[in-house]
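I opened this notebook to keep track of what I looked up, one topic to an entry. The entries follow the order in which I went through the structure.

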Amino acid sequence: MTTYTGASLAATPPLADSIGDLRVANAYAGLPREFHTFLRPQPLTDPRLLHANAEVGALLGLSEKALREPDFLRVVSGQEPLPGGRTLAAVYSGHQFGVWAGQLGDGRAHLLGEVVTPRGSLELQLKGSGRTPYSRMGDGRAVLRSSVREYLASEAMAGLGIPTTRALALVVSDDPVYRETMETAAIVTRVSPSFIRFGSFEHWMGNPEHLRALTDHVIEHHFPELHDTAGGEPDTWENTVLRMLREVVRRTAALIADWQTAGFCHGVMNTDNMSILGLTMDYGPYGFMDRFQANHICNHSDTHGRYAWNVQPAVAHWNLYRLGGVFLGVGLTEEALRAALSGYERDFLGAYQARLCRKFGLRAWEETDEELVDNWWRLLHGQRADFTLAFRHLAAAMRDPAPFLDLFTDHGPAKDWLGRYRRRLEAQAVPDAEREAAMLAVNPLYVLRNHLAQGAIDAALRGDAGEIDVLLELLRDPCTERPGRERYAQQAPEWAERLEVSCSS
Ligand code: AMP
Ligand code: MG
């Protein structure tokens, strides 16, 4: 719980009762015209607001009343522009599954403008809002199934403290959308300081003028601290770019460390889905692992496992190289770029080990912990033990090992590992109760399992958002046990293994 002091309450402006009362800016729209196309969304027939997210509404300065007003629905369903905003679709390019894909862009998304808040600007973007000049063969739509999944996932990540774009509203319609079968259309309103991707930079490879315009925009609006140099002399543009890249490397490394230690697989780590701000973005065939498998592939379309869980850290580094390479043609040397990008491994390991220390209740990382952790993954992998519950039940395993051991079919190896872990704990003078409480505060009990998301989708298809409410309530505070919600804390049922999620969304 956040406790507000009188001072911060006084500094917080009152929430607006209408979306029309927000202060709106359009910095992205001010980029040269080649960066975007101004256009209107294609509204859905008879759109209904299935869910509005009061928490994100408050971030934008909107009251709960504002979310129930007809003018809110008209904006988040694409019927009317955000008052003061300039609606556009942005262009970008990217590498998909390791191959240069050329021009992509917002093929089914519309940027509405930026809401100016006391803590910085937040862009509003509709996804599933119709065709744009960047739609290629696509229909510009998103189905309800994938929209519910994106809505839930972004809020689940926020609940875990993992950087992510957010979700404000979910609008549904009976308009048919054909994927593998006939489904219905939906629009999610996403919220983020920026939706700029590695691929936005790749798009301007070989165009120094526009690359510079984009870079300056990103530094001015999202990394203003990079302008400050200790000596007072303004730094060269090249050095500022290198510092930006270092920051993107740090953020990306920290993000992937978050993913790995949450058992999260993104599923489509193409460079056009990598946020320049180090946020998780573009939720598609993602998955939080149920039973641990190191080479788990969550995306049914990823036949070769390019984006399997255990390769995500290396893929992120590869993607960073694609981003860095863009700057080769504009005065930055290969040597300097390599130096900026080579920090990734150290950044990732540092962030990963720090998170593992917290999850295992270790005061500080020691060299021998590498073996302990390696054996942990082997143990879980060998018996396909549940990722989330294994960490959760480890907290109390020193005084009550049964719930932990019950996650394994063969208790022998699990007991062996516990023995080594006990010796490791004995070497640090942390009282058990203190360690246990600290572990329970960082290892979630509730996680957005595919079958739970499916339950919310099935209810949403009947027009019932109740299951979304239940999941959001649990996932916003996933480490706190709620009596009566045992079903949501259990291992996945067997049928969940047959749930297939693919790129089709
Ligand atoms: P994604 O795999 O969802 O990140 O999308 C990759 C590219 O395909 C992006 O340029 C999307 O805008 C575009 N895209 C995906 N689905 C559709 C669709 N149904 N209609 C138009 N464009 C789409
Ligand atoms: Mg994408």
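Before turning to what covers a helix, I fixed the term I would need: contact means heavy atoms within 4.5 Å. I also note at the outset that this is a predicted model.

**Entry: helix H13**

I began with helix H13, residues 387–394, and asked how many of its residues are buried. Seven of the eight are, and so I describe H13 as largely enclosed by the rest of the structure; the cut-off behind that word is a relative accessible area under 20%. The buried residues of H13 are Phe-387, Thr-388, Leu-389, Ala-390, Phe-391, Arg-392 and Leu-394.

I then looked up what covers these buried residues of H13, and the cover includes helix H8 (237–262), helix H11 (344–360) and helix H12 (369–383), as well as helix H14 (402–405), helix H15 (411–426) and helix H16 (432–440). At the start of H13 I found a side-chain oxygen of Asp-386 within 3.3 Å of the backbone nitrogen of Thr-388.

In the loop between H12 and H13 I came to Arg-384, whose phi is near 50°, a positive value in a residue other than glycine. Arg-384 counts as partly exposed, at 32% relative accessibility.

**Entry: Gln-490**

Leu-389 of H13 came up again when I looked up Gln-490, which is in contact with Leu-389 and Arg-449 once its neighbours within four places in sequence are left aside. Gln-490 lies in the segment after helix H18 (466–475), and it counts as partly exposed at 45% relative accessibility. I also noted a separation: Gln-490 and Thr-271 are 35 Å apart in space, C-alpha to C-alpha, and 219 residues apart in sequence.

**Entry: Asp-282**

I looked up another residue for its backbone angle, namely Asp-282, which has a positive phi of about 60° although it is not a glycine. Asp-282 has its place in the loop between strand E12 (264–265) and strand E13 (287–288). Is Asp-282 buried or exposed? With a relative accessible area of 13%, Asp-282 is buried.

**Entry: strands E5 to E8, and E11**

Turning to the strands, I found that E5 (residues 93–96) and E6 (residues 99–103) pair in the antiparallel sense over three bridges, with Ser-93 standing opposite Gln-103 in E6. The two strands form a hairpin with two residues between them, and Phe-97 in that turn has a positive phi of about 50°.

A hairpin through two residues also joins E7 to E8. Strand E7 (residues 109–117) pairs with E8 in the antiparallel sense over eight bridges, and I noted that Glu-114 stands opposite Glu-123 in E8. E8 pairs with strand E11 (residues 182–192) as well, in the antiparallel sense over five bridges, and there the bridge partner of Lys-127 is Val-188. Six of the eight residues of E8 are buried, so I recorded E8 as largely enclosed by the rest of the structure.

**Entry: Thr-132**

Following the chain on from E8 (120–127), I reached Thr-132, which is found in the loop between E8 and strand E9 (142–143). Thr-132 counts as buried, at 7% relative accessibility. Which residues does Thr-132 touch, not counting those up to four places away in sequence? They are Leu-39, Ala-89, Asp-106, Gly-107, Arg-108, Ala-109 and His-110. For Asp-106 I can be specific, since its backbone oxygen lies 2.5 Å from a polar atom of the side chain of Thr-132.

**Entry: cavities**

Last, I looked for enclosed empty space. How many cavities of 30 Å³ or more does the structure hold? It holds seven, and the largest cavity has a volume of about 110 Å³. This largest cavity is lined by 14 residues, and those nearest its centre are Tyr-28, Ala-90, Asp-106, Phe-195 and Ile-196, so that Asp-106, already noted as touching Thr-132, appears here again. By class, the lining of the largest cavity divides into eight nonpolar, three polar and three charged residues. Strand E4 (88–90) and E8 each supply at least two residues of that lining.

Definitions and conventions:
Residues are numbered from 1 along each chain as its sequence is written. Chains are lettered from A and ligands numbered from 1 in the order in which they are written. This is a predicted model: local features need pLDDT of at least 70, side-chain atom pairs count only at pLDDT 80 or more; totals for chains, interfaces and linings use all residues. Side-chain values use heavy atoms; hydrogens and water are left out. Helices (H or I, at least four residues) and strands (E, at least two) are DSSP runs, numbered from the N terminus. Buried means under 20% relative accessible area, exposed over 50%, partly exposed in between (1.4 Å probe, protein chains only). A polar contact is a pair of N or O atoms within 3.5 Å; within protein, one must be able to donate a hydrogen and the other to accept it, and residues adjacent in sequence count only if both atoms are side-chain atoms. On a 1 Å grid over the protein atoms alone, a cavity is a set of points where a 1.4 Å probe fits but cannot get out, and a pocket is an open set with protein on both sides within 12 Å along at least five of seven lines; lining residues have an atom within 4 Å of a point. Grid points are joined across faces, edges and corners, and a volume is the space filled by probe spheres set on the points. Ala, Val, Leu, Ile, Met, Phe, Trp, Tyr, Cys and Pro count as nonpolar, Asp, Glu, Lys and Arg as charged, and the others, Gly among them, as polar. Two strands pair if DSSP finds at least two bridges between them.
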